[in-house]
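Here is a short briefing to read alongside the sequence and the structure. Please keep both in view as you work through the points.

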Amino acid sequence: MKIGAPYTPRLPAREGDRDASRAPPPAAVLIAPGVIHFPGFLDRLAQETLRDEVLAILVEAPPFRPRMPRTGKPFSVQMSNCGPLGWVSDEAGYRYQPAHPETGRPWPAMPLSLIAAWGRIAPSAPPPEACLINLYDASARMGLHQDRDEEDFAAPVVSLSLGDTALFRVGGLQRSAPTRSFRLASGDAMALSGEGRLAFHGVDRIYAGSSTLLGQGGRINLTLRRVTRAKL
Ligand code: SIN
Ligand code: FE2
């Protein structure tokens with residue numbers, strides 16, 4: 001398979017899910033082994049609907065600013081979550097927990113639109129348990145890291161982007177491996193799966209003013225993950 005060439009993922013239809021099996025597979029580009037970019041995965045109307053769902057979630061589960069383990073250095077990104085589990089970080093470490101770190105309330109439910117997006121991209125994976133909501137202003141960044149706080153790595157990580165375009169960087173399984181960069185625009189999806197599941201990745205910059213979706217500007221990234229091992 002040629003890197004950068006249009007890529008048709010083999011998406012096994014879920015048994016009994018006749019609609020999903022009839023829908024055409026989303027357009028996809030293979031960025032690196034197991035790293036798949038789905039440009040224009042959500043059309044404008046779907047982006048507006050998802051934006052409104054996320055804004056409602058943020059009223060119930062207000063953005064918090066995570067801190068680095070040990071040092072307590074604040075992230076430049078603010079976060080919230082929806083779904084049964086949410087990812088948090090502070091001096092005590094990275095972890096998933098069922099409640100908001102500041103309000104103590106359970107995370108709001110995951111909108112059906114997100115579960116449907118997961119079903120299109122990862123039809124054979126068990127349902128997602130966590131949706132991390134990353135909120136970027138024009139100066140926010142996300143350093144190179146691996147997503148490895150889950151119990152196992154069989155299911156992909158699926159991300160959806162809304163608002164301003166981000167310059168996304170992805171590398172290999174070692175921090176020192178060569179990286180490549182590409183842009184994630186509003187409505188794009190991305191998956192880290194199989195041999196790309198533990199690829200180092202991060203966000204180097206946000207292109208302020210590149211989207212009209214969010215009134216205040218900025219970028220929202222939604223990262224869907226399976227956290228616990230699926231029960232057989
Ligand atoms: C993340 O890796 O948690 C966020 C990636 C992104 O914002 O696109
Ligand atoms: Fe990540």
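Within strand β11, R180 is the residue that serves as the bridge partner of V170. The model is a predicted one, and the points below begin with the sheet that holds this pair of strands before turning to the metal site and the pocket.

**The sheet**
- Strand β10, which covers residues 166–170, runs antiparallel to β11, and five bridges link the two.
- Both belong to an open sheet of four strands, whose order is β8-β13-β10-β11 and whose pairing is antiparallel.
- The edges are formed by β8 and β11 (180–184), each of which pairs on one side only, and from one strand to the next the twist averages 25 degrees.
- As general background, strands of a sheet pair through backbone hydrogen bonds, in either a parallel or an antiparallel manner.

**The iron site**
- The iron ion (ligand 2) has as its protein donors H145 (NE2), D147 (OD) and H201 (NE2), which lie 2.1 to 2.2 Å from the ion.
- Along the chain, the donors of the iron ion follow the spacing H-x1-D-x53-H.
- Because D147 sits in the loop between β8 and β9 while H201 belongs to strand β13, this pair ties together parts that are 54 residues apart in sequence.
- The arrangement around the iron ion is irregular, because its four donor atoms subtend angles of 91 to 175 degrees.

**The largest pocket**
- The largest pocket holds about 640 Å³ of space, and of the 35 residues that line this pocket, F75, W87, M142, G143 and H145 are the closest to its centre.
- Strands that each supply at least two residues of the lining include β8 (142–145), β9 (157–163) and β13 (201–206).
- By residue type, the lining of the largest pocket divides into 17 nonpolar, 10 polar and eight charged residues.

Key. Residues numbered from 1 in each chain as written. Chains lettered and ligands numbered in written order. Predicted model: local features only at pLDDT ≥ 70, side-chain atom pairs only at ≥ 80, totals over all residues. Heavy atoms only, no water. 1 Å grid on protein atoms, 1.4 Å probe; cavity = no way out; pocket = protein on both sides within 12 Å on 5 of 7 lines; lining within 4 Å. Points joined across faces, edges and corners; volume = space filled by probe spheres on them. Nonpolar A, V, L, I, M, F, W, Y, C, P; charged D, E, K, R; others polar. Pairing = 2+ DSSP bridges. Axes fitted to C-alpha atoms, helices over the stretch in contact; angles between N-to-C directions. Donors = N, O, S within 2.8 Å, 3.2 Å for Na, K, Ca; no water. Tetrahedral: all angles 85-135°; square planar, octahedral: opposite > 155°, others 65-115°.
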